[in-house]
Amino acid sequence: MPSTPHAVQRNARGRQRIAQEAARLIAESGIQDFEHARRKAAARLGIREESLWPRLADVEQALREHQRLFASTRQPGALQMRRESAVQAMQFLQAFQPRLSGPVLTGVAGDTSAVILHLHCDDAEAVHHFLHDQRIPAEARAWSLQLAGHPTKQHFPGCEFAADGIAFELVILPEVALRQPPVSSDDGKPLPRATLAQVRQLLLGP
């Protein structure tokens, strides 16, 4: 049965409410994963049907609006600080061909945002050994991502640590991910990622 204009309008309002609630959770609760924030927001609002949820791009846009309204004076500084820290970390981890991903790259990082780096190495233990040798206390964890050319998500190892008050998340991907990068669960398009040279260019501004 075709949707009525009223139903379409109601569904659009529901998507907007989920996007706004997810943005609030990311900004105020420190949730890093946009998908998790979207799922939690939908549960809070009682909207269970995933086809009625907003796209992740809509959540990101809602977060930009939230920051414009409530954090316009401090968000640019928090973003700049994290991009500078990302450059330092990427230089430090250059042997693992790092790529910056997530809010620090897309420009919506705030006070609680982590610097997300994708490292590329077929031997995940080599990364852990490197951090240990450098006396960096890191906690092991795993991430679920879908690589281009793969039908489903996979679990990838990694670790997290903090330096100078900024959280870092290191996701260890196989070297093939340089050619088959992680993709969005929404549309299958490659997630935005940047090399060290590209992040340095971001710091220079437009």
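Helix packing, cores and strand pairing in a predicted model

User: In which helix is the place of His66?

Analyst: This is a predicted model, in which local features need pLDDT of at least 70, side-chain atom pairs count only at pLDDT 80 or more, and totals for chains, interfaces and linings use all residues. Residues are numbered from 1 along each chain as its sequence is written, and side-chain values use heavy atoms, with hydrogens and water left out. Helices (H or I, at least four residues) and strands (E, at least two) are DSSP runs numbered from the N terminus, and His66 has its place in residues 56-70, which is helix H3.

User: Is His66 buried or exposed?

Analyst: Buried means under 20% relative accessible area, exposed over 50%, and partly exposed in between, with a 1.4 Å probe and protein chains only. Contact means heavy atoms within 4.5 Å, and, not counting residues up to four places away in sequence, His66 touches Ala23, Arg24, Ala27, Glu28 and Ala71. Because its relative accessibility is 13%, His66 counts as buried.

User: How are the axes of H2 and H3 arranged, roughly parallel or roughly perpendicular?

Analyst: Axes are lines fitted to C-alpha atoms, for helices over the stretch in contact, and angles run from 0 to 180 degrees between N-to-C directions. The axes of helix H2 (residues 34-45) and H3 come within 10 Å and cross at roughly 90 degrees. Angles under 35 degrees count as roughly parallel, over 145 as roughly antiparallel, 65 to 115 as roughly perpendicular and the rest as oblique, so H2 is, relative to H3, roughly perpendicular.

User: Which helix gives the most to the largest nonpolar core?

Analyst: A nonpolar core is a set of buried Ala, Val, Leu, Ile, Met, Phe, Trp, Tyr and Cys residues joined through side-chain atoms within 4.5 Å. The largest has 27 residues, and those with the most contacts inside it include Leu93, Leu100 and Val115. Among the elements that each supply at least two residues of this core are helix H4 (75-92), strand E2 (115-120) and helix H6 (124-133). With 5 residues, the element that gives the most to this core is H4.

User: Which residue in E4 stands opposite Ala140?

Analyst: Two strands pair if DSSP finds at least two bridges between them, and 7 bridges join strand E3 (residues 139-147) to E4, the two running antiparallel. E3 and E4 form a hairpin with 6 residues between them, where Gly149 in the turn has a positive phi of about 90 degrees. Opposite Ala140, in E4, stands Cys159.
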